[in-house]
Amino acid sequence: MAAAVRAAGRLPALCGVRSGHIWSRQLSLSTFPAASILALKPTLSSGPWSSWGTRDNHQFSSLSYMLQTQCCISSPSNSMGYQYRPYSFFTKLTADELWKGALAETGAGARKGRGKRAKRKRRKDLNRGQIIGEGRYGFLWPGLNVPVMKNGAVQIIAQRSKEQQAKVEADLIQQREEWDRKRKTKVKRDRGWSGRTWGGISLGPPDPGPEGETYDDFDTRVLEVKNVFNMTAKEGRKKSVRVLVAVGNGNGAAGFAVGKAADRTDAFRKAKNRAVHYLHFIERYEDHTIFHDISLRFKRTQIMLKKQPRGYGLRCHRAIITICRLIGIKDMYAKVSGSLNMLNLTRGLFHALAHQVTHQQLADKKGLHVVEFREECGPLPIVVASPKGTLRKDPEPESEVPDIKLDWRDVKTMQGMKQSIWANLKRSAS
């Protein structure tokens, strides 16, 4: 190419014109006759320039070949040649890609943390309820508001009658009013623990599984919604929403899970669908309470659960009440002390309930009958479980010092010391 350019400087002398005359026409090669260019090669080989060296002959040959193959040379005319691109980045990229470029959601802007507010804002569909080509005069534009082809023939631009246009406008107004009414309608939901928090709100059953399995008998309750942040080197302080939910069918099957996402709705969906894969089966005594009292310490959270008779109800922490209703426990007392971290409280409660020792398990382990004393039966014991194997003859040995963990609150209640010693003190008027 470099040799061809150097030879181009000698082209005016070969064609019999002054130097610079050809190139002063903005490289309009259409002004040259095709026959003159095609005859350039034989002229160079047979004319007075044929005595040049082999290198110069090769240069002119290259120039001739370039003009014949690389340039569009036609008959003389007054037309000019311009560069034409069949598409640009506006027609090559999709609308989503163009919006990302405008909002700085990709590239260096996203890595440096720019465009955060644009990410959180939900994109609004501006074309909703609008039909391109529709107007007040009712023109029908093929390809916009009517199909291009109809019955095998290409449609032409037409116009509706006044009655048809009035009907179309009335339908559009009715549709917009329906959308506005749905937008203003407030969805009625459970109140939850309080009016301004997500705790205790029902999210409905989990989504169906990949193989078509459904969980219509399950319910999902929100336990905690918390904003968490992660500091990164490139994007800075990234905000996420962490959701803790519990699911259950009210018949002993329950579970919990945590979902985290940038959007609260996505976090709800992740947690709800994940919790159904981590279910625990909780044993219940006569389908209303636990089998025995439980005292558990999980990290910094101390949980004490007590078995109660029918009709007692649930007198517990509000999160424990929600979980017990999902499990199907109706009567229980619970006391939580120490840390009230919701995740540790939930994990500790499920650990305590899942590791209960049932009456039958206790009877098989000890080889003895398990009895229960109730207030309505007085001093008479009630056998609640018997061993499946052989019955042990000798009774279970008792240690001199019983290994029983006493709660100081229960001791004070039994001794009548639950109230403050200063409660009945008469104070002199000041």
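This report walks through a predicted protein model, from its overall make-up down to a few individual residues.

**The whole chain**

The protein runs to 430 residues, and buried ones make up 28% of them. Its secondary structure comes to 15 helices and 14 strands. If you take contacts between residues at least 6 apart in sequence, 51% of those join residues at least 24 apart. On the outside, the protein exposes about 31400 Å², with carbon and sulfur atoms supplying 53% of that area.

**A four-stranded sheet**

One piece to pick out is an open sheet of four strands, ordered β5-β6-β7-β8 and paired antiparallel. Its edges are β5 (219-232) and β8 (279-281); each has a single partner strand, so one side of each is left without a neighbour in the sheet. Going from one strand to the next, the twist averages 15 degrees.

How is β7 joined to β8? Strand β7 (residues 253-261) runs antiparallel to β8, and three bridges join the two. To find one residue pair on screen, look for A254, whose bridge partner in β8 is H280.

**Two helices across the sheet**

Which helices lie across these strands? One of them is α11, which covers residues 264-275 and lies across β5, β6 (236-248), β7 and β8. Helix α13 (residues 342-354) also lies across β5, β6, β7 and β8. Their angles to β7 are about 150 degrees for α11 and about 155 degrees for α13.

Helix α13 is worth a second look. With 13 residues at 1.5 Å a residue, α13 should span 18 Å, and its end C-alpha atoms are indeed 18 Å apart, so the two values agree. What caps its N-terminal end? That job falls to N341: one of its side-chain oxygens lies 3.1 Å from the backbone nitrogen of L343.

The buried residues of α13 are M342, N344, L345, T346, G348, L349, F350, A352 and L353. When reading that list, remember that an α-helix has 3.6 residues a turn, so residues three or four places apart point the same way. Among the buried residues here, L345, L349 and L353 can be picked out as one such series.

**Two positive phi angles**

After the sheet comes a loop between β8 and β9 (294-298), and E286 is found there. D287 sits in the loop between β8 and β9 too. Most residues other than glycine have a negative phi. Both of these residues go the other way, as the table shows.

| Residue | Phi | Relative accessible area |
|---|---|---|
| E286 | about 55 degrees | 39%, partly exposed |
| D287 | near 60 degrees | 46%, partly exposed |

**A glutamate in β13**

Is E372 buried or exposed? It counts as buried, because its relative accessibility is 15% and the cut-off for buried is under 20%. E372 is found in strand β13, which covers residues 370-372. Its side chain makes a polar contact with the side chain of R374, at 3.5 Å.

Which residues does E372 touch, leaving aside those up to four places away in sequence? They are Y285, K307, L380, P381, I382 and V384.

How values were computed. Residues numbered from 1 in each chain as written. Predicted model: local features only at pLDDT ≥ 70, side-chain atom pairs only at ≥ 80, totals over all residues. Heavy atoms only, no water. Buried < 20%, exposed > 50% of the residue type's maximum accessible area, 1.4 Å probe, protein only. Contact = heavy atoms within 4.5 Å. Areas by Shrake-Rupley, 256 points an atom, 1.4 Å probe, with all protein chains shown as cover. Pairing = 2+ DSSP bridges. Axes fitted to C-alpha atoms, helices over the stretch in contact; angles between N-to-C directions. Expected span 1.5 Å × (residues − 1). Polar contact = N/O pair within 3.5 Å; in protein donor to acceptor, adjacent residues only side chain to side chain.
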